[in-house]
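This report describes one protein model for a reader who has not seen it before. Please look over the sequence and the structure below before reading on.

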Amino acid sequence: MNSREQALDNALIESIVTQTVDELAPRGLFNFNAPRQTLMGEGAILKIGDKLRQLGASQVLVIADRVVHEQGLMRSMERSLERAGIKFTIYPCITREPDETLVASATELLARNQADFVLGFGGGSALDAAKAIALAGTSQSSLQQLAEPGFAGRRVIGLGAVPTTAGTGSEVTDISVIMCADRWHKFVIKHVDLMPDLAIVDPGLMLDLPPLVTAATGIDALTHAIEAYGARSSHPLAKALAICAVQSIAEALPIVVGNGGDIAARLTMATAAYKAGLAFSNSGLGLVHAISHQIGARYRLAHGIANGILLPYVMRFNALVCQREYAAIAHMLGVTRTGMTEREQCMASIDAVRQLLADLGLPGNLAGTNIHRDDFAAIATDALADVCIRDNPRNVTEADIVTLLEEACGNKNNL
Ligand SMILES: NC(=O)c1ccc[n+]([C@@H]2O[C@H](COP(=O)([O-])OP(=O)(O)OC[C@H]3O[C@@H](n4cnc5c(N)ncnc54)[C@H](O)[C@@H]3O)[C@@H](O)[C@H]2O)c1
Ligand SMILES: [Fe+2]
């Protein structure tokens, strides 16, 4: 082969290699998004000033739950920020689940304050509000724009989260749930910049959480873990976090409801909510959340209560395609015996969830709510449009949701 033929040969090989690489499609990839920094454990809040200084914060806007503020739970944070020389403004505006109007007014405050860091302090309501304010405020966008698929705006200031409930996992998710101005629908916004830069998780802030809120928020965390474990987009890392969270919740949730002052059990629950949050933020949820976003807004049902009611009904529906997953969950809930078939284990997991709800004093059906049969079709339509539906492991139709709602209404006779 002469040198000209050799050059042609090389060019041909090069073009075949280029074409082959261009046609390669990666398979089975998954992203894993988490806060840059986490500080977790009893007394973690005392270190918040140091952490914020490391992150370069100098002027912090704190979006806080009003009850938490009035209870004096923010004093340690205030002292730590003072000692670190960080200026801050506390806006204790969260008195219920946040809505569009609240986000708009706090966004104006953010601009006036010239804050370079937003910190959410409270339950999921305060954290979700802080996250939406930071992204909407600095990208100068409305919530409608944030909720549009492919929204390209960016958050250009810091974001931190201090949870005072162990449930939503919002401190480690790239999600914010905000009520529309009509307080009838919810925006479920997912964006990479909604992931906080810093999570400070201190079980000492959760000791006075009332038993009913402790139970409802804990069941929210359990729902995250179970939905993330079975989600279509789940993957080994999310599954490992989710299954581990189920085990911790089974162990610690009854204890924190019965004895809220048990700091070790509170830490176990806070860690479980964190793990479940990371799991679902990186894998997806399912039908429980798709429906609960609708009925929570319409009938003023606390998020965890709505999830708890729906969870066993949705598990029964999904069991057709999730037998193996639910059998593993039964194992973590401690309700398997030798000799049980996988199907028996799967059904045992559903019974165990029902029993846990009863033990915690949470409602097991929708009978005590204002839900009405006339609304079922609209709820089903909206649930099918919810971002959470796409990760439900079983295909769902409007008729399936209506049937499920009828089942979940139990013996309600005023439908
Ligand atoms: N971003 C996410 O990934 C995500 C996930 C699930 C749910 N959510 C959203 O989170 C919100 C619910 O959050 P939540 O369940 O944490 O409830 P919440 O923040 O609404 O708080 C519930 C109640 O507990 C009180 N409270 C909070 N901490 C307390 C404490 N330490 N001591 C005493 N009282 C305390 C609050 O004042 C409030 O009355 C809903 O809007 C839901 O849609 C978000
Ligand atoms: Fe949730």
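## The nonpolar cores

The model is a predicted one. Its largest nonpolar core has 83 residues, and those that touch the most other members are Ile226, Leu287, Ile291, Ile295, Leu366 and Ile371. Helix α12 supplies the largest share of this core, with 13 residues. Because domain 1 (37-206) and domain 2 (211-408) both contribute residues, the core lies between them.

A second core, separate from the one above, holds 29 residues, among them Ile63, Ala130, Ile178 and Leu194. In soluble globular proteins, nonpolar side chains tend to be buried together.

## The iron site

Which residues coordinate the iron ion (ligand 2)? The donors are Asp220 through OD, and His224, His289 and His303, each through NE2, at 2.2 Å. Along the chain, the donors follow the spacing D-x3-H-x64-H-x13-H. Histidine 224 belongs to helix α8 (residues 211-230) and histidine 303 to helix α12 (residues 303-332), so this pair ties together parts of the chain that are 79 residues apart in sequence. Histidine 224 and histidine 303 are both buried.

The angles among the four donor atoms run from 83 to 169°, and the site of the iron ion (ligand 2) is irregular. Four donors count as tetrahedral if all angles lie between 85 and 135 degrees. For comparison, the ideal angle for four tetrahedral donors is 109.5 degrees.

## Alanine 328 in helix α12

Helix α12 also contains alanine 328. Its relative accessibility is 24%, so alanine 328 counts as partly exposed. Between alanine 328 and isoleucine 305 there are two separations to note: 23 residues in sequence, and 24 Å in space from C-alpha to C-alpha.

## The six-stranded sheet

Six strands form an open sheet with parallel pairing, in the order β1-β8-β5-β4-β2-β3. The edges are taken by β1 (37-40) and β3 (87-94); each has a single partner strand, so one side of each is left without a neighbour in the sheet. From one strand to the next, the twist averages 15°.

At the β1 edge, four bridges join β1 to strand β8 (residues 198-201), and the two run parallel. Within this pairing, methionine 40 stands opposite valine 201 in β8. Strands of a sheet pair through backbone hydrogen bonds, either parallel or antiparallel.

## The hairpin of β6 and β7

An antiparallel pairing occurs between β6 and strand β7 (residues 186-190), over five bridges. Two of the partnerships can be named: valine 177 has valine 188 as its bridge partner in β7, and isoleucine 175 has lysine 190.

Are the two faces of β6 covered or uncovered? Both are covered, with Ile175, Val177 and Met179 buried on one side and Ser176 and Ile178 buried on the other. In a regular strand the side chains alternate between the two faces of the sheet. Counted by residue, strand β6 (residues 175-179) has five of its five residues buried. Strand β7 is also mostly covered, with four of its five residues buried.

## Two residues with positive phi

Most residues other than glycine have a negative phi. Arginine 183 has a positive phi, near 50°. This residue lies in the loop between β6 and β7, and the hairpin has six residues between the strands. With a relative accessibility of 10%, arginine 183 counts as buried.

Glutamine 140 likewise has a positive phi near 50° in a residue other than glycine. Where is glutamine 140 placed? The loop between α6 (124-139) and α7 (143-147) holds glutamine 140. Glutamine 140 is exposed, because its relative accessible area is 72% and exposed means over 50%. In short, arginine 183 is buried, whereas glutamine 140 is exposed.

Terms used. Residues numbered from 1 in each chain as written. Chains lettered and ligands numbered in written order. Predicted model: local features only at pLDDT ≥ 70, side-chain atom pairs only at ≥ 80, totals over all residues. Heavy atoms only, no water. Donors = N, O, S within 2.8 Å, 3.2 Å for Na, K, Ca; no water. Tetrahedral: all angles 85-135°; square planar, octahedral: opposite > 155°, others 65-115°. Buried < 20%, exposed > 50% of the residue type's maximum accessible area, 1.4 Å probe, protein only. Core = buried A, V, L, I, M, F, W, Y, C linked by side-chain atoms within 4.5 Å. Domains from an automatic or database assignment. Pairing = 2+ DSSP bridges. Axes fitted to C-alpha atoms, helices over the stretch in contact; angles between N-to-C directions.
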